[in-house]
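Colleague: Could you take a close look at one part of this model for me and then follow the connections outward from there? I would be glad of a single connected walk rather than a list.

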Amino acid sequence: MVEKIKNLTLNELVNELVDVQIQYIDRDKTTLLNENKFTGRILKVDPQEGISIRPDEDGRTIAVIPPSTEACWRDEDNLIHVSWKVFRLQEEREDGQHEWWDWQPSR
């Protein structure tokens, strides 16, 4: 059984083990550009800066995702899953330009 996490605050996520899936999708909303999957532990949360996760496979890097529990749910083993679809909002950028992406919770 999969349970959407309700009424869980960001601070309650600290130290939790999470399974993360992030899919980057092109402007056509169907072409998968890249997929990032990893398991890790939540180190800290900040309502402005996001959720910081240390992936298990690389203890030196930190992944940061949006500060939201909308993309989180627990499985029957109490493991938290996080799934985001990230949509490209503009054409290819030129060097030095900012690239815009839209993060949407996914299930």
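Modeller: Let's start at K29, which lies in the loop between β2 and β3. Bear in mind that this is a predicted model. K29 has a positive phi of about 70 degrees, although this residue is not a glycine. As a rule, most residues other than glycine have a negative phi. There is a second case to set beside K29: N78 also has a positive phi, near 70 degrees, and is not a glycine either. N78 is found in the loop between β6 (72–74) and β7. With a relative accessibility of 49%, N78 counts as partly exposed.

Back in the loop between β2 and β3, the residue to look at next is D26. Its side chain meets that of R88 in a salt bridge, with 3.4 Å from N to O. D26 lies in the loop between β2 (17–25) and β3 (32–46) while R88 belongs to strand β7 (residues 80–88), so the salt bridge ties together parts that are 62 residues apart in sequence. The structure holds one salt bridge, and its two partners fall into separate classes of burial. D26 is partly exposed at 21% relative accessibility, a value to read against the 20% under which a residue counts as buried. R88, at 11%, is buried.

From the loop, step back into strand β2 and turn to the aromatic rings. The structure holds three aromatic pairs. In one of them, the ring centres of Y24 and W103 are 6.3 Å apart and the planes stand at 80 degrees, so this pair is edge-to-face. Y24 sits in strand β2 and W103 in strand β8 (residues 101–105), so the two rings tie together parts that are 79 residues apart in sequence. Both rings keep some accessible area: Y24 is partly exposed at 22%, and W103 is partly exposed at 27%. W103 also forms an edge-to-face pair with W84, at 5.8 Å centre to centre and 75 degrees between the planes. That pair links distant parts of the chain, with W84 in strand β7 and W103 in strand β8, 19 residues apart. W84 is buried, at 3% relative accessibility. Taken together, ring pairs link Y24, W84, W101 and W103 into a cluster. β7 thus appears twice in our walk, holding R88 of the salt bridge as well as W84 of the ring cluster.

β7 also leads us inward. The largest nonpolar core has 19 residues, and the members touching the most others are I51, I53 and V82. At least two residues of this core come from each of β2, β3, β4 (50–55), β5 and β7. The largest share, four residues, is supplied by β7. In soluble globular proteins, nonpolar side chains tend to be buried together. Leaving aside residues up to four places away in sequence, V82 touches V18, D19, V20, Q21, I65, A71 and C72.

V18 and D19 turn up again from the side of β3, the strand that follows our loop. T39 is found in strand β3. Among the residues T39 touches, beyond those up to four places away in sequence, are L17, V18 and D19, and also P55, D56 and E57. The C-alpha atoms of T39 and V18 are separated by 5.6 Å, although the two residues are 21 apart along the chain. T39 itself is partly exposed, with a relative accessible area of 26%.

For the outside, there is a nonpolar surface patch of about 230 Å², made by L43, I62 and V64. V64 has its place in strand β5 (residues 63–65) and is partly exposed at 46%.

Finally, here is the wider setting for these details. The protein chain has zero helices and eight strands. Of its 107 residues, 36% are buried. Counting contacts with a separation of 6 or more, 42% are between residues 24 or more positions apart. The accessible surface of the chain is about 7,100 Å², and carbon and sulfur atoms account for 44% of that area.

Conventions:
Residues numbered from 1 in each chain as written. Heavy atoms only, no water. Salt bridge = Lys/Arg side-chain N within 4 Å of Asp/Glu carboxyl O. Buried < 20%, exposed > 50% of the residue type's maximum accessible area, 1.4 Å probe, protein only. Phe/Tyr/Trp six-rings, centres within 6.5 Å; stacked < 30°, edge-to-face > 60°. Patch = residues over 30% accessible without salt bridge, like charges linked within 9 Å, V, L, I, M, F, W, Y side chains within 5 Å. Areas by Shrake-Rupley, 256 points an atom, 1.4 Å probe, with all protein chains shown as cover. Contact = heavy atoms within 4.5 Å. Core = buried A, V, L, I, M, F, W, Y, C linked by side-chain atoms within 4.5 Å.
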